[in-house]
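The following paragraphs offer a guided reading of the structure shown below. The reader may wish to keep the sequence at hand while following the text.

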Amino acid sequence: MNVLDLVRPDLRGFGGYLSARKQNSGGAIWLNANEAAQPQAFDTLALNRYPEPQPGDLRRAMAEYYGVDDSALLLSRGSDEAIDLLIRALCIPGADRILIQSPTFGMYAVCARLHACTVIDSPLQETATGFGWNIPAMIATAQRERCKVLFLCSPANPTGQSLPAADLELLLDGLAGQCLVVVDEAYGEYSTQNSALALMPRYPHLAVLKTLSKAHALAGARIGGVIADPELIGILKTCQAPYPIAKPSAALALQAFSEKALATTRAGIATCLSERDCLQKRLQVLPMIGQVFSSDANFLLVRCTDADRLGAHLLAHGVVVRAMTQYPALRDCLRISIGTPAENERLLAVLDTFTGATHA
Ligand SMILES: Cc1ncc(COP(=O)(O)O)c(C=O)c1O
């Protein structure tokens, strides 16, 4: 199967915008992009010049980190942009459909809607410990509805669980040649499951989303990426803005791959996981908390006796958590990101004032 068969037919020969940087490289006197000839006095990054469309050093560092060839990686403005590019490249507006599993990250549906594509839902199923995927139902629905792209978030936001690799293989086997399966691993660094990247050599219709916004602590830099068949990456590039990655962001993001920064990232993940497990235990004994779902990510989803009142109480005391009112299955839930140890203590202290209960 050639993954290009899934691309919009009208985009298969499309070259995208031919920017000055793409047209010619090299040379010493750059008179081709209508840039200012001199940088600002405060500028240490030659910001008078447009950036490389895909900064080579960052792309190579990220590809090496994820263990893939750099031709298989497209840098994007967060993984948000990658979601949008995938829908734009594969789905014909007004005609094609994507498949999601609710409750899930909202941007898949938002990008589909902005592109006039229909969103088909094959919902997650709630069990005693959390929300799981119904793989046979997803395959049948994607086939029946002829979905072009399936977005699967693992670890899942907002529900927190990861899809076992064997289930992902079943899904990929069931949809070979029919649908691009996009595994969003925004929270992958926190997970006990292996990355879906291990399956990529066997499945050309698999794409994996990555981001520096979570475990790498660079949400403000807006750097993410999609890893996929290099031919598909070539198409996605033509759908992207001419100079998507700002030089200051690329320079900062590159530092995230130094040995020192990676050690800090690993330590941050370890702290987050131990805080999460501790917080989970302490939350689940509180009277206003009905259930704390197991989590493979850097947040906890909690079912509350009165989520609206509890959320308002926390906010009134300066602690901001995420209401889940937009998801019918989670109306009585709050999603709580794991903070620093001091922030988590503060959360518990404010919860105490809601109930008067004491913590061990
Ligand atoms: C599952 C998931 N995917 C993607 C994103 C977007 O991340 P970014 O655009 O910062 O890479 C988020 C952000 O919260 C997310 O939760």
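Into which domains is the protein chain divided? In this predicted model, the protein chain comprises domain 1, which covers 3–257, and domain 2, which covers 260–355. To the contact between them, domain 1 contributes 25 residues and domain 2 contributes 20 residues. On the side of domain 1 that touches domain 2, nine residues are nonpolar, 13 are polar and three are charged. The C-alpha centres of domain 1 and domain 2 are 28 Å apart.

The interior may be considered next. The largest nonpolar core contains 97 residues, and those with the most contacts inside it are Leu86, Ile98, Val149, Leu150, Val181 and Val182. Helix 3, residues 78–90, supplies the largest share of this core, namely seven residues. Because both domain 1 (3–257) and domain 2 (260–355) give residues to this core, the core lies between them. Val149 illustrates the packing: neighbours within four places in sequence left aside, Val149 is in contact with Leu86, Ile87, Leu90, Cys91, Ile98, Cys179, Leu180 and Val182. Among these partners of Val149, Leu86, Ile98 and Val182 also belong to the residues with the most contacts inside the core.

Strand 1, residues 73–76, shows how a short element can be buried on both of its sides. Leu73 and Leu75 point one way from strand 1, whereas Leu74 and Ser76 point the other way, and all are buried. Strand 1 pairs with strand 9, residues 224–227, in the antiparallel sense, over four bridges. Within strand 9, Val226 is the bridge partner of Leu74.

The ligand site draws on several of the elements already described. Which residues are around the ligand? They are Gly78, Ser79, Asp80, Phe105, Cys153, Asn157, Asp184, Ala186, Thr211, Ser213, Ala219 and Gly224. Helix 3, which provides the largest share of the core, also provides the largest share of the shell around the ligand, with three residues. By class, this shell consists of four nonpolar, six polar and two charged residues.

The backbone has some features that merit separate attention. Most peptide bonds are trans, and most residues other than glycine have a negative phi. Against this background, a cis peptide bond joins Ser102 and Pro103, with omega about -5°. Pro103 is located in the loop between strand 2 (97–100) and helix 4 (107–114). A cis peptide bond also joins Asn157 and Pro158, with omega about 10°; Asn157 is one of the residues around the ligand. Pro158 is found in the loop between strand 6 (149–153) and helix 6 (165–174).

Positive phi values occur at residues that are not glycine as well. Asn34 is not a glycine, yet its phi is positive, at about 55°. Asn34 belongs to the loop between helix 1 (20–23) and helix 2 (56–66). Is Asn34 buried or exposed? Asn34 is exposed, because 7 other C-beta atoms lie within 10 Å, and a residue counts as exposed at 12 or fewer. Arg146, likewise not a glycine, has a positive phi of about 50°. The loop that holds Arg146 runs between helix 5 (135–144) and strand 6. Arg146 has 12 other C-beta atoms within 10 Å and is therefore exposed.

How values were computed
Residues are numbered from 1 along each chain as its sequence is written. This is a predicted model: local features need pLDDT of at least 70, side-chain atom pairs count only at pLDDT 80 or more; totals for chains, interfaces and linings use all residues. A nonpolar core is a set of buried Ala, Val, Leu, Ile, Met, Phe, Trp, Tyr and Cys residues joined through C-beta atoms within 7 Å. A residue is buried if 20 or more other C-beta atoms lie within 10 Å of its own, exposed if 12 or fewer, and partly exposed in between; C-beta atoms are placed from the backbone. Helices (H or I, at least four residues) and strands (E, at least two) are DSSP runs, numbered from the N terminus. Domain bounds come from an automatic or database domain assignment. Two residues are in contact if their C-beta atoms, placed from the backbone, lie within 7 Å. A residue is near a molecule or strand if its C-beta atom, placed from the backbone, lies within 6 Å of it. Ala, Val, Leu, Ile, Met, Phe, Trp, Tyr, Cys and Pro count as nonpolar, Asp, Glu, Lys and Arg as charged, and the others, Gly among them, as polar. Two strands pair if DSSP finds at least two bridges between them.
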